[in-house]
Amino acid sequence: VIWIKRDLNEQADALCNAAMNAKRSWRTAWPPPHWFNLAEHGFLALSDGGYRGPGCSAVGWITYYVGAPSQTIQIEPMAAGTEFFSQGVNDSFLAEVSALDACIEHLYRYIHRRVYAQGIPSQYWLLIYALCRSQKV
């Protein structure tokens with residue numbers, strides 16, 4: 001997990017603000033690009049949490065497929081989502097941590113599905129699982 005400057009996280013921030021404005025949650029996903037291979041490529045994930053006061057907090061996150069299939073870096077959208085909280089998240093730090101958790105949970109589920117679909121041996125799956133879970137705050 002790497003914290004980046006706010007201006008590099010504008011997409012996740014915009015999603016978070018949209019969730020608070022609309023007071024709703026949503027998710028969407030795109031299929032993997034033809035060049036993406038889980039064993040050779042990776043992911044970029046951005047998340048942001050916001051708190052406007054009691055009854056209004058949210059998270060926004062977006063993930064990308066990242067790779068260099070032809071020696072040129074490719075970045076393609078993977079999934080994006082928001083979660084609106086009318087209760088339970090009552091400060092900005094908890095909103096930020098909830099955003100990171102939602103983003104990592106999405107990546108964990110994606111990797112879990114792909115590992116089983118590709119028939120990767122269980123000892124590798126356990127390693128991937130441990131790595132994903134160790135990143136949770």
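## Leu 44 and a nonpolar patch

Leu 44 is partly exposed, as its relative accessible area of 34% shows. In this predicted model, Leu 44 belongs to strand β2, which covers residues 42-53. Together with Ile 73 and Ile 75, Leu 44 makes a nonpolar patch on the surface, with an area of about 280 Å².

## Asp 48 in strand β2

Stay with strand β2 for a moment, since Asp 48 is found there too. Is Asp 48 buried or exposed? With a relative accessible area of 4%, Asp 48 is buried, because buried means under 20%.

Which residues does Asp 48 touch, leaving out those up to four places away in sequence? Its contacts are Arg 6, Asn 9, Ala 12, Asp 13, Cys 16, Ala 58, Val 59, Gly 60, Glu 96 and Ala 99. If you have the structure open, try picking out Asp 48 and looking for these partners around it.

## The cysteines

How many disulfides does a search of the whole structure find? The search finds zero. Cys 56, for example, is in no disulfide. The nearest cysteine sulfur to Cys 56 is that of Cys 16, and it is 8.9 Å away. A disulfide needs the two sulfur atoms within 2.5 Å, so this pair does not count as one. You have already met Cys 16 as one of the residues that Asp 48 touches.

Two cysteines can also be described by their cover. Cys 56 is buried, with a relative accessible area of 11%. Cys 103 is buried as well, and its relative accessible area is 3%.

Technical notes: Residues numbered from 1 in each chain as written. Predicted model: local features only at pLDDT ≥ 70, side-chain atom pairs only at ≥ 80, totals over all residues. Heavy atoms only, no water. Patch = residues over 30% accessible without salt bridge, like charges linked within 9 Å, V, L, I, M, F, W, Y side chains within 5 Å. Areas by Shrake-Rupley, 256 points an atom, 1.4 Å probe, with all protein chains shown as cover. Salt bridge = Lys/Arg side-chain N within 4 Å of Asp/Glu carboxyl O. Helix = DSSP H or I, 4+ residues; strand = E, 2+ residues; numbered from the N terminus. Buried < 20%, exposed > 50% of the residue type's maximum accessible area, 1.4 Å probe, protein only. Contact = heavy atoms within 4.5 Å.
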